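This report walks a newcomer through a few features of one protein chain. Please keep the sequence and the 3D view at hand while reading.

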Amino acid sequence: MRDVISELGHLQDLARHDPAKRFDRLYRVLRHPLLLVLAKDRSAANHGAQTPGVAGQRMSASTTTAITHRSEELTTGTYQPQPVRRIYIPKKHGNLRPLGIPTSRDKIVQAGVARILEARYEPLFRSSAHGFRPARSTMTALRAVSTAYRAGATGIIAGDITDCFGSLPHGVIRTCLRKRIRDERFIDLIRKLLQAGVREAGTYAPTYAGTPQGGIASPILANIALHELDCWLEDQLGMNPPPLTAKAQHARANPDYVRLHKRISRIRGYLNGTLPMPKSALPETLRQELRDKLARRRRQRRLLPRPASYYTRYADDVRHFTHR
């Protein structure tokens, strides 16, 4: 097991040091029995892991023998995903959200795929993306939004990609994967998982688009596709610009704030004796001026506004802030 964990760590280190590298031999890692054991443990920890799919089997029934058999199927190429069982759960506003429940055997394989994709793509994803990522959550996204408000955001655009999980074209997902993965067996397995179809009320329907909500690999596959949106917004439209240099920050100093600050420093110097008191000045008059200047400085911006746009994404929900 340490070897598999080391391999995943090695993949992550390579991705971190060379973001453009295209990886091969990922399928070899996936079919390893110890990777599938790790995948089962990860899948079993998810909420609803024991919910059965179309085969009616629960995760608790996946024994070591069954996992070894799954590894052999992946090695020989005989593994075929089964359709997901579709159910509907109520949303806040009364609508229903479709949820796809894979079989326990497919949950394990999907968890293995997700573990490998996470090692490959986590070093690549932008800091503006918060949904379904390690050490990130709705709270980290809200903190980013709060920071934009505190920095003086003058406008906000909220967006939600309609039916993102249900409408992502499979061809687009594979194209995004091929930019950084050249293991066609691994990519073809993902194609099979996506096109396994849906069984609802005893009726089978093929799937031509989308990553089923409820699938363990679905969130990271959606993030891989939406990463292209993150890159376009930041690299082409200039959103989320880097922090300014000290020289650039100095150039943004508000002249009104600077004049008040200098006068306040001089008055304090007169009053504490570090500067010679002007002959015509009265201490009480200077103290009153100091109080007035401090009040005025509190109402001034220390820096002039920086025209910039900032972007935060949680899964398929986006927030765009403008500073003028």
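How many salt bridges does the count come to? The model shown here is a predicted one, and the count comes to 21 salt bridges.

## Salt bridges between distant parts

One of these salt bridges joins the side chains of Asp230 and Arg313, whose closest N and O atoms are 2.9 Å apart. Asp230 belongs to helix α10 and Arg313 to strand β6, so this pair ties together parts that are 83 residues apart in sequence. Asp230, with a relative accessibility of 0%, counts as buried, and Arg313, at 1%, counts as buried as well.

Helix α10, which spans residues 218–236, also holds Asp235, and the partner of Asp235, Arg126, is found 109 residues away in the loop between α5 (104–121) and α6 (138–150). The side chains of Arg126 and Asp235 meet in a salt bridge with an N to O distance of 2.9 Å. Here Arg126 counts as partly exposed at 21% relative accessibility, and Asp235 counts as partly exposed at 48%.

## A salt bridge within one helix, and a network

In helix α13 (residues 283–298), Glu284 and Arg287 are three residues apart and are therefore separated by about one helical turn. Their side chains meet in a salt bridge of 3.7 Å, N to O, with Glu284 partly exposed at a relative accessible area of 49% and Arg287 partly exposed at 38%. Elsewhere, Arg70, Glu73, Arg105 and Asp106 are joined into one network by salt bridges that share partners.

## The crossing of α3 and α4

Helix α3 (residues 33–44) and helix α4 (residues 64–76) have axes that come within 9 Å and cross at roughly 125°, which means that α3 is oblique to α4. The crossing of the two helices is right-handed. On the α3 side the contact is made by Pro33, Leu36, Val37 and Lys40, and on the α4 side by Ile67, Arg70, Ser71 and Leu74; by class, this contact has five nonpolar, one polar and two charged residues.

## Two residues with positive phi

Most residues other than glycine have a negative phi. Arg25, however, has a phi near 60°, a positive value in a residue that is not glycine, and Ala315 likewise has a positive phi, of about 55°.

Are these two residues buried or exposed? Arg25, in the loop between α1 (2–17) and α2 (26–30), counts as exposed at 55% relative accessibility. Ala315, in the loop between β6 (308–314) and β7 (317–323), counts as buried at 9%.

Note on methods: Residues are numbered from 1 along each chain as its sequence is written. This is a predicted model: local features need pLDDT of at least 70, side-chain atom pairs count only at pLDDT 80 or more; totals for chains, interfaces and linings use all residues. Side-chain values use heavy atoms; hydrogens and water are left out. Axes are lines fitted to C-alpha atoms, for helices over the stretch in contact, and angles run from 0 to 180 degrees between N-to-C directions. Helices (H or I, at least four residues) and strands (E, at least two) are DSSP runs, numbered from the N terminus. Angles under 35 degrees count as roughly parallel, over 145 as roughly antiparallel, 65 to 115 as roughly perpendicular and the rest as oblique. A crossing is left-handed if the near helix is turned anticlockwise from the far one by less than a right angle, and right-handed if clockwise. Contact means heavy atoms within 4.5 Å. Ala, Val, Leu, Ile, Met, Phe, Trp, Tyr, Cys and Pro count as nonpolar, Asp, Glu, Lys and Arg as charged, and the others, Gly among them, as polar. Buried means under 20% relative accessible area, exposed over 50%, partly exposed in between (1.4 Å probe, protein chains only). A salt bridge is a side-chain nitrogen of Lys or Arg within 4 Å of a carboxyl oxygen of Asp or Glu.
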